[in-house]
Amino acid sequence: MMRTILGVHFPSLGSDLMDVCIQSFYHLRDLQAIEKKPATRELINWIRALQADPDFDHKNLGRGNVPYLGVLFKKSPDFTQAVSQLRRIRG
């Protein structure tokens, strides 16, 4: 379902980028102690931010490097919690 939604918004989005974005999105939604989990609208906005960054390499997402978390997490405590958990995961 999410691939279909993203396909409407980003018809030329490569399947590699789409897959890694969806995987990262659902991983972020599974983080503990997040009050307002990112929704589809935040995912769409996040992909727009990623596409606007000429230095973005989608291969880094698989390594736990998630740029523009502020686009996904609207509440400061959720953003802080996400950053903290991602740092622990990356080790």
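Trainee: How many aromatic pairs does a search of the whole structure find?
Mentor: Good place to start, and keep in mind that this is a predicted model. Rings of Phe, Tyr and Trp pair if their centres lie within 6.5 Å. Phe 25 and Tyr 26 have ring centres 5.2 Å apart. The search of the whole structure finds 1 aromatic pair.

Trainee: Are the planes of Phe 25 and Tyr 26 stacked or edge-to-face?
Mentor: Let's use the angle. Planes over 60 degrees apart count as edge-to-face. The planes of Phe 25 and Tyr 26 stand at 70°, so the pair is edge-to-face.

Trainee: Is Phe 25 buried or exposed?
Mentor: Buried means under 20% relative accessible area. Its partner Tyr 26 has 39% and counts as partly exposed. Phe 25 has a relative accessible area of 2%, so this residue is buried.

Trainee: Which residues line the largest cavity?
Mentor: The search finds 1 cavity of 30 Å³ or more, and about 30 Å³ of space lies in the largest cavity. Its lining divides into 2 nonpolar, no polar and 4 charged residues. The lining residues are Lys 36, Lys 37, Pro 38, Glu 42, Leu 72 and Lys 74.

Trainee: What is the radius of gyration of the chain?
Mentor: Happily, we can set this beside the fold: the chain has 5 helices and 0 strands. The globule rule gives 12 Å for 91 residues, and the chain's value is close to that, so the chain is as compact as a globular protein of that length. The radius of gyration is 13 Å.

How values were computed:
Residues are numbered from 1 along each chain as its sequence is written. This is a predicted model: local features need pLDDT of at least 70, side-chain atom pairs count only at pLDDT 80 or more; totals for chains, interfaces and linings use all residues. Side-chain values use heavy atoms; hydrogens and water are left out. Rings of Phe, Tyr and Trp (its six-membered ring) pair if their centres lie within 6.5 Å; planes under 30 degrees apart count as stacked, over 60 as edge-to-face and the rest as tilted. Buried means under 20% relative accessible area, exposed over 50%, partly exposed in between (1.4 Å probe, protein chains only). On a 1 Å grid over the protein atoms alone, a cavity is a set of points where a 1.4 Å probe fits but cannot get out, and a pocket is an open set with protein on both sides within 12 Å along at least five of seven lines; lining residues have an atom within 4 Å of a point. Grid points are joined across faces, edges and corners, and a volume is the space filled by probe spheres set on the points. Ala, Val, Leu, Ile, Met, Phe, Trp, Tyr, Cys and Pro count as nonpolar, Asp, Glu, Lys and Arg as charged, and the others, Gly among them, as polar. Helices (H or I, at least four residues) and strands (E, at least two) are DSSP runs, numbered from the N terminus. The radius of gyration is taken over C-alpha atoms; the globule rule is 2.2 Å times the number of residues to the power 0.38.
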